[in-house]
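Student: I would like to learn how to read side-chain features in a model like this one. Please take them one at a time.

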Amino acid sequence: CPTLVGDELLALQREGSKPMLMSIDIQSGALNWNRSHEEYSVGMEANSLSSYNGTLFFAVMKESQKPNAVVALNSSDGDLLWEYQLDEAVWNFAPASPGDGTL
């Protein structure tokens, strides 16, 4: 699922099995930037992209065939901020925040 952040549409798509994040200007339709993260994979499950306070969150597969990590990226350029490795798979990940800085 894409998400709106200011005047940008941020979308997560697959490039092969690798996640690629892109920013599209909603006024002109021009591509602002795109960023691939080769160290991760994404599957075909319904993975949501969520944004809070300039940070994007989504689930990835890291050295696994199941979504077993959550990553946070800078919404202004797609740079990796952090990764959290999970003990279990997180299918159809749909993050949300109560507005207090937590997920």
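Tutor: This is a predicted model. Start with W82, which counts as partly exposed because its relative accessibility is 37%.

Student: How is a pair of aromatic rings described?

Tutor: By the distance of the centres and the angle of the planes. In this structure, a search of the whole model finds 1 aromatic pair. Its members are F57 and W82, with centres 5.9 Å apart and 50 degrees between the planes, which makes the pair tilted. F57 sits in strand 6 and W82 in strand 8, 25 residues apart, so distant parts of the chain are linked.

Student: Is F57 buried or exposed?

Tutor: F57 has 7% relative accessibility, so F57 counts as buried.

Student: When can charged side chains pair?

Tutor: Side chains of opposite charge can do so when their charged atoms come close. Here the count is 2 salt bridges. In one of them, R35 pairs with D79, the closest N and O atoms being 2.1 Å apart. R35 belongs to strand 4 and D79 to the loop between strand 7 and strand 8, so the bridge ties together parts 44 residues apart in sequence. R35 is partly exposed at 31% relative accessible area, and D79 is partly exposed at 29%.

Student: Which residue forms a salt bridge with K62?

Tutor: E83 does, with 3.1 Å between the closest N and O atoms. K62 lies in the loop between strand 6 and strand 7, and E83 in strand 8, 21 residues apart. K62 is partly exposed, with a relative accessible area of 24%; for E83, also partly exposed, the value is 30%.

Conventions:
Residues numbered from 1 in each chain as written. Predicted model: local features only at pLDDT ≥ 70, side-chain atom pairs only at ≥ 80, totals over all residues. Heavy atoms only, no water. Phe/Tyr/Trp six-rings, centres within 6.5 Å; stacked < 30°, edge-to-face > 60°. Helix = DSSP H or I, 4+ residues; strand = E, 2+ residues; numbered from the N terminus. Buried < 20%, exposed > 50% of the residue type's maximum accessible area, 1.4 Å probe, protein only. Salt bridge = Lys/Arg side-chain N within 4 Å of Asp/Glu carboxyl O.
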